[in-house]
Structure formats: C-alpha cells, structure tokens
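Here is a short tour of a single chain, meant to be read with the model open beside you. Take a moment to turn it around before reading on.

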Amino acid sequence: MGEIINLRRARKARVRREAGVVADANRAAFGRTKAERARDAEARARGERVLDGARLEGEES
C-alpha cells in the first residue's frame, strides 16, 4: 500500500511553498538598501548619458 497523506495538509503546504517563491521574488525586487538603489539609478543614468552622447544629429527616435 502507498503512503497515506492528508490532502488538507498537502494543499496548505503547496500554498506555503508557492507563497515563498513570491516572497523571494519580492525580497529581491524591494529588499534593497538605499545605497544599492542609488548605485543602480546612477548606473542607469550613466548608460543613458552614453547613449544620448552617441546619438547622431538630426536622428529622430
């Protein structure tokens, strides 16, 4: 005979695992320090300045 499982517990465990995946994604997206956010914003701005400087005159985007 196979192992007997409690379907209610299995369902709740699955929901907890799925919520954990979402929580990990949110921690990665929003759980950053102010210095990390500032560093990323500066890097993004620097990249935009480089692209704007390389843009040809008269070119429409």
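Is R14 buried or exposed, or does R14 count as partly exposed? The answer is the middle class: the relative accessibility of R14 is 41%, so this residue counts as partly exposed. The cut-offs behind that verdict are under 20% for buried and over 50% for exposed, with partly exposed in between. Please keep in mind throughout that the model is predicted.

**The overall picture**

Let us step back to the whole chain. Its secondary structure consists of 2 helices and 0 strands. For a compact globule of 61 residues one would expect a radius of gyration near 10 Å, but the value for this chain is 24 Å. Along the principal axes, the C-alpha atoms fill a box of roughly 75 × 30 × 15 Å.

Two pairs of residues give a feel for these dimensions. G2 and A38 are 36 residues apart in sequence, and their C-alpha atoms lie 55 Å apart in space. R14 and A54 are 40 residues apart along the chain, with 51 Å between their C-alpha atoms. Of these residues, G2 sits in the segment before α1, and with 58% relative accessibility G2 counts as exposed. R14 has its place in helix α1.

The surface figures complete this view. Buried residues account for 0% of the 61 residues in the chain. The chain exposes about 6,000 Å², and carbon and sulfur atoms supply 56% of that area.

**Where the charges sit**

The chain carries 16 positive and 11 negative charges, and the mean positions of the two sets are 17 Å apart. Some of the positive charge is gathered on the surface: R8, R9, R11, K12 and R16 form a patch there. One of these residues, R9, is found in helix α1, which covers residues 7-30. R9 counts as exposed because its relative accessibility is 58%.

**Salt bridges**

Side chains of opposite charge can pair when their charged atoms come close. How many salt bridges does a search of the whole structure find? The search finds 5, and three of the pairs can be set side by side here:

| Salt bridge | N to O distance |
|---|---|
| R14 and E18 | 3.8 Å |
| D24 and R27 | 2.4 Å |
| R32 and D40 | 2.3 Å |

Start with the pair that includes our opening residue. R14 and E18 are 4 residues apart in helix α1, so about one helical turn separates them. E18 has 45% relative accessibility and therefore counts as partly exposed, and R14, at 41%, is partly exposed as well.

Further along the helix, which residues lie 3 residues apart, about one turn of helix α1? They are D24 and R27, both in that helix. D24 counts as partly exposed because its relative accessibility is 46%, whereas R27 is exposed, with a relative accessible area of 53%.

The last pair in the table is R32 and D40, whose side chains meet in a salt bridge at 2.3 Å, N to O. Salt bridges that share partners also bring in R39, so that R32, R39 and D40 are joined into one network. With 30% relative accessibility, R32 counts as partly exposed. D40 has 23% and is likewise partly exposed; the cut-off for buried is under 20%.

**Pulling it together**

To recap, this is a predicted model of a chain with 2 helices and 0 strands, and its radius of gyration is 24 Å. Buried residues make up 0% of the chain. Among its charged side chains, R8, R9, R11, K12 and R16 gather in a positive patch on the surface, while R14 and E18 are among those paired in salt bridges.

Key. Residues numbered from 1 in each chain as written. Predicted model: local features only at pLDDT ≥ 70, side-chain atom pairs only at ≥ 80, totals over all residues. Heavy atoms only, no water. Rg over C-alpha atoms; globule rule 2.2 N^0.38 Å. Buried < 20%, exposed > 50% of the residue type's maximum accessible area, 1.4 Å probe, protein only. Areas by Shrake-Rupley, 256 points an atom, 1.4 Å probe, with all protein chains shown as cover. Lys, Arg positive; Asp, Glu negative; His and termini not counted. Charge placed at Lys NZ, Arg CZ, Asp CG, Glu CD. Patch = residues over 30% accessible without salt bridge, like charges linked within 9 Å, V, L, I, M, F, W, Y side chains within 5 Å. Salt bridge = Lys/Arg side-chain N within 4 Å of Asp/Glu carboxyl O.
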